[in-house]
Amino acid sequence: MKRNEINALVRKNIASLCPYSTARDEYQGGIGIFLDANESPYENGFNRYPDPHQKSLKARLGQIKGMATENIFLGNGSDEAIDLIFRIFCNPGIDNAVAIAPSYGMYGVAAGINDIELREVQLGNGFSLPTDELLKACDAHTKAIFLCSPNNPNGNAFPREDLLRIIDSFRGMVVVDEAYIDFSSIPSLKEEVLERPNLIVLQTLSKAWGMAGLRLGMAFADEYVIRLMSAVKYPYNINKSAQDSVLRLLEESVEGKVRETVSERTRVARELEQLSCVQTVFQSEANFLLVKVNDADSIYGQLIEEGIIVRNRSRIKGCESCLRITIGTREENDRLLSSLRTIK
Ligand SMILES: *Cc1c(COP(=O)(O)O)cnc(C)c1O
């Protein structure tokens, strides 16, 4: 798709929106006597509004990710970006979106809040991407397709060619959620946004980067799409404390921790496969394993009694009898495995 075709997908009220202009947008200088924003003049570290454009943070993330700041949106978690995509492109009560299933629950929640029908297309055998079925589920009112790779809750990543085929065939926005990309051997699609203005790639600092508590999600997209997202977000969506803490924590390498998680994933998968209560350990490119067990509810309950909390996904279509287990530290994983060994 071309950039001028994206314009036609945007809701009329958003296309004509005049975004809120903050006091700091109107005066760009650094030092001065700031009597423009009705802030308290008494310094306590937080008395001033934060940078609404997150310039320093975007510059650093741009360096790390190898992306221009014009192609980066920062949100209060990726959840903010998901909600914004519905608000920008989907007319409530009229438009719809398509998503794979099973997948991340927030697509459905955000669609529901925005009064948008979410059409879910079940993954194929072995959690494969149902490319043709996804395209067939779209109609003239479908504004977005949500894909997640590596996918939550099963952990597999989809082939790049299949994802690109959907992006290039669909006349609407395609969101590829890469929350777990740092654990994956398959490269990100983020550079493709430079050629494909209908692609939005989501990443987050909540998983591999260890900053779930700070709430920082990223969207990579064509600069026109980024401008729309920035115009619709709350002006000060990332608070000063989060901007400062993220900048500081980005200087600490997580490479070693990610490598350890990936090697633990392999070890835990191999150990789980030996257990009599385990039927299948699904292939994962993420920091969790979806595990099919003999009796999910009972094993879930027994683990809780031992103070080990996993996610019971057994009531989700496509995940019958399955638990989703996050990879912890080596010690935590050993505790999990020894508890499971006592289960018949
Ligand atoms: C955890 C997760 C996220 C992260 O959301 P944040 O709001 O950034 O914490 C996004 N997508 C998927 C599929 C996830 O599992």
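In which sense do strand E2 and strand E4 pair, and over how many bridges? In this predicted model, strand E2, spanning residues 96-101, is joined to strand E4, spanning residues 142-148, by 4 bridges in the parallel sense. Within E2, Ala-97 lies opposite Ala-144 of E4.

These two strands belong to an open sheet of 7 strands, whose order is E1-E7-E6-E5-E4-E2-E3 and whose pairing is mixed. Its edges are formed by strand E1 (72-75) and strand E3 (117-122), each of which pairs on one side only. From one strand to the next, the twist averages 20°. Two helices that pack on this sheet were examined. Helix H4, comprising residues 55-65, touches E1, strand E6 (199-204) and strand E7 (217-220), and the direction of H4 makes about 120° with that of E1. Helix H5, comprising residues 78-89, touches E1, E2, E3, E4, strand E5 (173-177), E6 and E7. The direction of H5 makes about 155° with that of E6.

A further open sheet consists of 4 strands in the order E8-E9-E11-E10, and the pairing here is antiparallel. Strand E8 (278-281) and strand E10 (311-312) occupy the edges with a single partner strand each, so one side of each has no neighbour in the sheet. E10 is connected to strand E11 (residues 322-326) by 2 bridges, and the two strands run antiparallel. Asn-312 is placed opposite Leu-323 in E11. Helix H11 (residues 255-273) packs on this sheet through E8 and strand E9 (288-293), both of which H11 touches. The directions of H11 and E9 make an angle of about 5°.

The model also contains a ligand, which is surrounded by 13 residues. The closest of these are Asp-177, Tyr-180, Thr-204, Ser-206 and Lys-207. By residue class, the shell around the ligand comprises 4 nonpolar, 5 polar and 4 charged residues. Several side chains place polar atoms at short listed distances from ligand oxygen atoms. For Tyr-180, an N or O atom of the side chain is 2.6 Å from an oxygen atom of the ligand. For Arg-215, a polar side-chain atom lies 2.7 Å from a ligand oxygen atom. For Asn-152, the distance between a side-chain N or O atom and an oxygen atom of the ligand is 2.9 Å. On its own, the ligand has 390 Å² of accessible area, of which the protein covers 94%.

Notes:
Residues numbered from 1 in each chain as written. Predicted model: local features only at pLDDT ≥ 70, side-chain atom pairs only at ≥ 80, totals over all residues. Heavy atoms only, no water. Near = heavy atom within 4 Å. Polar contact = N/O pair within 3.5 Å; in protein donor to acceptor, adjacent residues only side chain to side chain. Areas by Shrake-Rupley, 256 points an atom, 1.4 Å probe, with all protein chains shown as cover. Nonpolar A, V, L, I, M, F, W, Y, C, P; charged D, E, K, R; others polar. Pairing = 2+ DSSP bridges. Contact = heavy atoms within 4.5 Å. Axes fitted to C-alpha atoms, helices over the stretch in contact; angles between N-to-C directions.
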